[in-house]
Amino acid sequence: MESIVKGLHHITLVTGNYVVNNRFYTEVLGLRRVKLSVNQDDIYHRHLFYANFDKPTGSAITFFEWPELPRGYPGYGSPHHLAYRVGSPEALAKWFHFLREGNIAARGPYVYGGLASIYLRDPDGVLLELTTPYPDADIGYLKELFTQTSTPTAISQDMRLTAFDHASPIISDPKLTSRFLEKFLDIVKVDDAGGVLRVLNMDGDVYLRCIVDPVNVDGYVARGSVHHIALCVESEEMQRLVMRRLNSVGWRNSGIVDRFWFKSLYFRDPDGNLFELATEGPGYDVDEPRETLGSRLVLPPWLEPLRQQIEKKLAERDAGNAAEWPTVFEEPPEPPEPLAQ
Ligand SMILES: [Fe+2]
Ligand SMILES: [Fe+2]
């Protein structure tokens with residue numbers, strides 16, 4: 001069977017202030033802003049994209065700026081957290097100290113499912129995990145490594161966030177989710193690892209770790225929440241195939257939407273989590289030079305006639321939305337994943 005989904009494409013969240021958000025993802029986490037635009041479904045609000053510059057697909061975290069919204073919370077339809085991968089346990093230890101030095105409440109290390117992880121929250125309260133493969137599962141060694149690692153003064157090359165590791169929506173029934181993924185997306189590589197439904201791509205990489213919680217409630221997608229999880233589709237043909245399958249049973253979906261940098265199809269899973277199926281290309285450099293990617297407000301061609309109006313409204317809102325760097329970063333909770341002892 002040919003694969004439809006290659007893995008994660010991007011993950012989109014909600015921030016209350018783009019200046020603070022920009023500072024956190026570029027200066028603290030060391031990602032590069034690759035696009036500054038507006039939300040194409042709500043054109044007077046910003047849409048920011050940060051990524052590993054060399055490989056944006058699978059590393060792009062994007063934010064709608066909606067200062068009007070209150071804080072959201074996780075539940076069905078509002079995913080729990082997302083994880084970036086780092087290169088080694090040593091890099092993870094450096095991150096832990098680097099973040100703590102910046103007054104960001106990093107928590108860890110934890111070991112589960114072949115991974116070693118730390119957790120933190122961004123200025124809007126988004127729960128982030130940094131993780132690295134750790135098949136040994138030796139928590140004692142890891143703690144020792146953390147103790148012996150000194151605080152780096154800057155993000156070293158080995159600390160770079162190269163790609164997402166996984167996203168974690170909350171689901172009520174692993175059987176129902178598995179059936180849904182198989183029926184519409186041909187995803188058969190799924191396993192139920194006791195409380196976590198792992199979804200794997202053809203290379204055997206886990207890209208979704210769905211938290212199984214039959215007694216949760218509907219979440220609220222607002223500031224500090226994951227808005228949607230975009231999966232990378234193999235081809236436009238496959239994207240149309242999925243749309244036809246959804247349509248054939250009357251499963252609500254957006255139809256194919258041209259986002260200019262890629263094409264998208266949106267639909268919800270049985271628990272209401274919003275997924276997007278996005279094509280790999282044409283890419284973020286289709287409308288601005290690679291060297292200056294993300295440095296100015298770019299609009300897709302159909303919004304260019306409204307540029308003046310859009311810039312005016314953004315400036316008006318900015319005037320009432322002063323940037324405030326948190327004096328205290330919120331503590332992350334205990335990890336949801338079943339931990340190795
Ligand atoms: Fe996780
Ligand atoms: Fe998206």
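**Exercise 1. Determine how β2 and strand β3 pair, and place the two strands in their sheet.**

*Solution.* Step 1. Strand β3 covers residues 42–51, and its pairing with β2 is antiparallel, with 7 bridges. The model under study is predicted.

Step 2. One bridge can be named: Arg 32 has Ala 51 of β3 as its partner.

Step 3. The sheet is open and has 8 strands in the order β2-β3-β4-β1-β14-β17-β16-β15, and its pairing is mixed. Its edges are β2 (32–39) and β15 (253–258), each of which pairs on one side only. From one strand to the next, the twist averages 25 degrees.

Step 4. Helix α6, residues 307–319, lies across β2 and β3 and runs at about 80 degrees to β3.

**Exercise 2. Check whether the span of α2 agrees or disagrees with the value expected for its 13 residues.**

*Solution.* Step 1. The expected span is 1.5 Å times one less than the number of residues. For the 13 residues of α2, at 1.5 Å a residue, this should give 18 Å.

Step 2. In the model, the end C-alpha atoms of α2 are 19 Å apart, which agrees with the expected span.

Step 3. Just after α2, Asn 103 adopts a positive phi of about 65 degrees.

**Exercise 3. Identify the residues with the most contacts inside the largest nonpolar core, and establish what α2 contributes.**

*Solution.* Step 1. The largest nonpolar core contains 84 residues, and those with the most contacts inside it are Ile 11, Tyr 50, Leu 92, Trp 95 and Leu 231. Helix α2 (residues 89–101) supplies the largest share of this core, 7 residues.

Step 2. The buried residues of α2 include Leu 92, Trp 95, Phe 96, Phe 98 and Leu 99. Lys 94 is also among the buried residues of this helix.

Step 3. The buried residues of α2 pack against β6 (107–112), β7 (115–121), β8 (127–133) and α3 (139–148).

Step 4. For Ile 11, neighbours within four places in sequence are set aside; the contacts that remain are Ile 61, Leu 82, Phe 164, Ala 167, Val 226, Ile 229 and Ala 230.

**Exercise 4. State the helix and strand content of the two spans that UniProt assigns to "domain: VOC".**

*Solution.* Step 1. The UniProt record, an unreviewed entry, places this feature at residues 7–133 and 163–280.

Step 2. Residues 7–133 are 19% helix and 46% strand, with end C-alpha atoms 17 Å apart.

Step 3. Residues 163–280 are 21% helix and 43% strand, and their end C-alpha atoms lie 15 Å apart.

Key
Residues numbered from 1 in each chain as written. Chains lettered and ligands numbered in written order. Predicted model: local features only at pLDDT ≥ 70, side-chain atom pairs only at ≥ 80, totals over all residues. UniProt positions renumbered as here; feature names shortened; annotations may be inferred. Helix = DSSP H or I, 4+ residues; strand = E, 2+ residues; numbered from the N terminus. Core = buried A, V, L, I, M, F, W, Y, C linked by C-beta atoms within 7 Å. Buried ≥ 20, exposed ≤ 12 C-beta atoms within 10 Å, placed from the backbone. Contact = placed C-beta atoms within 7 Å. Pairing = 2+ DSSP bridges. Axes fitted to C-alpha atoms, helices over the stretch in contact; angles between N-to-C directions.
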